[in-house]
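Biologist: Please give me a close look at a single part of this model, one strand and its surroundings. Keep it brisk, for a first-year student.

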Amino acid sequence: MDARLGAVDTPNVFLVTLEGVEGGDALTVLAFVRAETGEAAEAAAAEELVGFGWSNVQALRHGEVVDAAALPPDFREAMDQALKFGSGLIIYEAP
């Protein structure tokens, strides 16, 4: 956006839903990833999980975060991590 209009440019952050296997358990992950495109965010999130030793990692879908203030409170820490470090993960344990 044009800074002359009072808008502040913020990096693109995408929310990526993934599935993968860690320690023998199939888990679901929400990854907040700073990236130029949704496809790049999917690739970066999958690469991060593989780097942690996960297998069978598959990105299911992604969407751009357009209003970070509207995120539920339990997502805000992961969003802050993405803004600061490039990614933030929420890992859901198997039921």
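Modeller: Two strands pair if DSSP finds at least two bridges between them. Strands are DSSP runs of E, at least two residues long, helices are runs of H or I, at least four long, and both are numbered from the N terminus. Strand E1 covers 13–22 and strand E2 covers 25–34. Ten bridges join E1 to E2, and the two run antiparallel. Val13 of this pair faces Arg34 in E2. Two residues separate the strands of this hairpin, where Gly23 has a positive phi near 60 degrees.

A word on the source. This is a predicted model, in which local features need pLDDT of at least 70, side-chain atom pairs count only at pLDDT 80 or more, and totals for chains, interfaces and linings use all residues. Residues are numbered from 1 along each chain as its sequence is written, and side-chain values use heavy atoms, leaving out hydrogens and water.

Now Thr17, which sits in strand E1. Its relative accessible area is 11%, so Thr17 counts as buried (under 20%; exposed is over 50%, partly exposed in between, with a 1.4 Å probe and protein chains only). Beyond four places in sequence, Thr17 is in contact (heavy atoms within 4.5 Å) with Thr28, Val29, Leu30, Gln58, Ala59, Leu60 and Arg61.

Next to Thr17 in sequence comes Val16. Beyond four places in sequence, Val16 touches nine residues, including Val29, Ala31, Ala41, Ala45 and His62. Val16 also belongs to the largest nonpolar core, which has 13 residues (buried Ala, Val, Leu, Ile, Met, Phe, Trp, Tyr and Cys joined through side-chain atoms within 4.5 Å). Val16, Leu18, Ala31, Val33, Ala41 and Ala45 touch the most other members. E1, E2 and helix H1 (38–51) each supply at least two residues of this core. A separate core has ten residues, among them Val13, Leu30, Leu71 and Ile90.

E2 has another partner. It pairs with strand E4 (residues 87–92) in the antiparallel sense, over six bridges. There, Ala31 has Leu89 in E4 as its bridge partner.

Step back to the chain. Its elements run β-β-α-β-α-β from the N terminus. Of its 95 residues, 31% are buried.

How far can the model be trusted? The average pLDDT (confidence per residue, from 0 to 100) is 90, and 87% of the residues score at least 70. Residues 1–7 stay under 50. Where pLDDT is low, the predicted coordinates should not be read in detail.

Methods. pLDDT is the predictor's confidence in each residue, from 0 to 100.
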